[in-house]
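Let's take a walk through this model, moving from helix packing to sheets and then to a few unusual backbone spots. Keep the viewer open as you read.

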Amino acid sequence: MAQEVRGVIAPGKDEPVRIETVVVPDPGPGEAVVRVQACGVCHTDLHYKQGGIGDDFPFLLGHEAAGVVESVGDGVTDVEPGDFVILNWRAVCGKCRACLRGRPWYCFDTHNARQRMTLTDGTELSPALGIGAFAEKTLVAAGQCTKVDPAVSAQVAGLLGCGVMAGIGAAINTGNVGRGDSVAVIGCGGVGDAAIAGSRLAGAAKIIAVDIDDRKLETARSMGATHTVNSRETDPVEAIRDLTGGFGADVVIEAVGRPETYRQAFYARDLAGTVVLVGVPTPEMKLELPLLDVFGRGGSLKSSWYGDCLPSRDFPMLIDLHLQGRLDLAAFVTETIRLDEVEKAFERMHRGDVLRSVVVL
């Protein structure tokens with residue numbers, strides 16, 4: 001039977017979020033109901049609330065989550081009730097041209113649950129990134145559930161569901177950071193700091209953090225940055241070159257998503273170096289670069305979507321590294337909050353006061 005739970009709803013563009021009763025249907029074929037234990041407050045949720053991603057209101061917010069599988073529908077074999085899982089927003093199909101070429105992290109036909117959760121009056125909800133985890137329970141495609149070691153804290157594990165995975169993956173999967181490399185990360189929010197942590201994990205010799213906020217630069221050092229640059233006070237391109245023998249960094253990760261910072265990343269890399277764009281731009285943004293510079297500098301210009309991750313491969317591996325003490329995922333959790341504190345968490349996020357607020361249910 002369908003269940004009624006509490007969930008955080010964005011009713012309309014720029015309206016305050018509110019808690020409503022959400023009706024969660026029984027899982028159909030290929031679906032699972034997950035009892036949510038923790039869910040991070042991500043900038044993407046704020047974009048949904050502001051109408052920056054779509055206008056299919058009301059949205060059921062939350063997507064950076066971990067919990068326990070409560071029930072599964074017909075045909076589900078990869079997870080079963082009682083499994084501790086991290087939710088991901090890209091359940092790969094296994095059949096598209098990317099999957100068949102052995103590149104499932106580029107899957108062109110990712111999927112979500114077919115059924116919709118609703119309000120008690122029958123109004124259909126749009127789950128953020130196909131998850132909707134600011135709720136006591138949520139309905140997802142079973143492929144969105146990745147089983148991991150239950151020894152890990154849910155408030156830590158859930159962060160791999162989006163921002164932390166995006167940053168770590170931008171360094172390791174997309175940027176192919178290797179032992180002895182020099183890396184610069186422009187933008188030291190949650191994703192940028194995760195890129196710093198990923199670069200350290202990969203064995204980078206020099207990790208340069210760039211931001212306009214000294215508080216964020218201090219946090220970046222704790223995540224593994226060996227040098228910091230306040231780009232409000234110093235030209236970051238020149239500073240990065242000075243710190244790399246005049247050449248530029250082997251890999252520059254742009255975690256802001258703006259044309260001006262992308263240009264900085266482009267010119268701060270070594271000849272034949274790599275630029276990775278993991279910051280999310282808005283639709284109206286345009287980039288202008290001399291084509292001769294694009295040609296003459298060689299190397300790679302890449303974008304990283306979800307850190308080019310494959311959840312079934314990357315989530316268990318990173319959780320194991322955390323449990324071994326080699327990757328401090330807990331360092332990303334600034335505070336834990338209740339469901340009714342999400343609106344205030346958005347305000348703190350906007351001010352840059354937190355790395356991650358995590359809703360604990």
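Start with helices H5 and H6, which cross each other in a right-handed sense. Keep in mind that you are looking at a predicted model. The axes of H5 and H6 are 9 Å apart, and the angle between them is about 25 degrees. Anything under 35 degrees counts as roughly parallel, so that is the label H5 and H6 get. On the H5 side, the contact is made by Asp-193, Ile-196, Ala-197 and Arg-200, and these meet Thr-219, Ala-220, Ser-222 and Met-223 of H6. Sort the residues of this contact by class and you get 4 nonpolar, 2 polar and 2 charged.

H5 has another helix to deal with, namely H4. The axes of H4 (residues 163–174) and H5 (residues 190–202) come within 7 Å and cross at roughly 45 degrees. That angle makes the two helices oblique to each other, therefore not in the roughly parallel class. The crossing of H4 over H5 is right-handed. If you want to pick out the contact, select Gly-163, Val-164, Ala-166, Gly-167, Ile-168, Ala-171 and Ile-172 in H4, along with Val-191, Ala-194, Ala-195, Gly-198, Ser-199, Leu-201 and Ala-202 in H5. Here the residues split into 10 nonpolar and 4 polar, with no charged ones.

Next, the sheets. Strands of a sheet pair through backbone hydrogen bonds, and they can do so in parallel or antiparallel fashion. One sheet in this model is an open one of 6 strands, in the order S13-S12-S11-S14-S15-S16, and its pairing is parallel. Which strands stand at its edges? They are S13 (227–230) and S16, each with a single partner strand, so each has one side without a neighbour in the sheet. From one strand to the next, the twist averages 15 degrees.

Zoom in on the pair S14 (residues 249–254) and S15 (residues 269–277): they run parallel and are joined by 5 bridges. Within that pair, Glu-254 sits opposite Leu-277 in S15. Helix H8 (residues 259–268) packs on the sheet, where it touches S11 (182–186), S14, S15 and S16, and its direction makes about 150 degrees with that of S15. H6, which you already met against H5, shows up here too: H6 (residues 214–223) lies across S12 (206–211) and S13, running at about 170 degrees to S13.

Now swing over to another open sheet, with 5 strands in the order S7-S2-S1-S4-S8 and mixed pairing. Its edges are S7 (118–119) and S8 (126–127), and each has a single partner strand, so one side of each has no neighbour in the sheet. Work along the order from the S7 end. S2 and S7 run antiparallel and are joined by 2 bridges, with Val-22 opposite Leu-119 in S7. S1 and S2 also run antiparallel, joined by 7 bridges, and there Gly-7 stands opposite Glu-20 in S2. Then S1 (residues 3–10) connects to S4 (residues 59–60) through 2 bridges, in antiparallel fashion. Look for Ala-10 across from Phe-59 in S4.

That brings you to some backbone geometry worth checking. Most residues other than glycine have a negative phi, and most peptide bonds are trans. What is the peptide bond from Phe-57 to Pro-58, cis or trans? It is cis, with omega near -5 degrees. Pro-58 belongs to the loop between helix H1 (43–49) and S4. For positive phi, go to Asp-14, where the value is near 60 degrees; this residue lies in the loop between S1 and S2 (18–24). Tyr-306 has a positive phi as well, near 65 degrees, and is found in the loop between S16 (300–303) and helix H10 (311–323).

Finally, zoom out. According to the unreviewed UniProt entry, the annotation "domain: Enoyl reductase (ER)" covers residues 12–361. Over residues 12–361 the chain is 28% helix and 24% strand, and the end C-alpha atoms are 25 Å apart.

Technical notes
Residues are numbered from 1 along each chain as its sequence is written. This is a predicted model: local features need pLDDT of at least 70, side-chain atom pairs count only at pLDDT 80 or more; totals for chains, interfaces and linings use all residues. Side-chain values use heavy atoms; hydrogens and water are left out. Axes are lines fitted to C-alpha atoms, for helices over the stretch in contact, and angles run from 0 to 180 degrees between N-to-C directions. Helices (H or I, at least four residues) and strands (E, at least two) are DSSP runs, numbered from the N terminus. Angles under 35 degrees count as roughly parallel, over 145 as roughly antiparallel, 65 to 115 as roughly perpendicular and the rest as oblique. A crossing is left-handed if the near helix is turned anticlockwise from the far one by less than a right angle, and right-handed if clockwise. Contact means heavy atoms within 4.5 Å. Ala, Val, Leu, Ile, Met, Phe, Trp, Tyr, Cys and Pro count as nonpolar, Asp, Glu, Lys and Arg as charged, and the others, Gly among them, as polar. Two strands pair if DSSP finds at least two bridges between them. UniProt positions are given in the numbering used here, feature names are shortened, and annotations may be inferred rather than shown by experiment.
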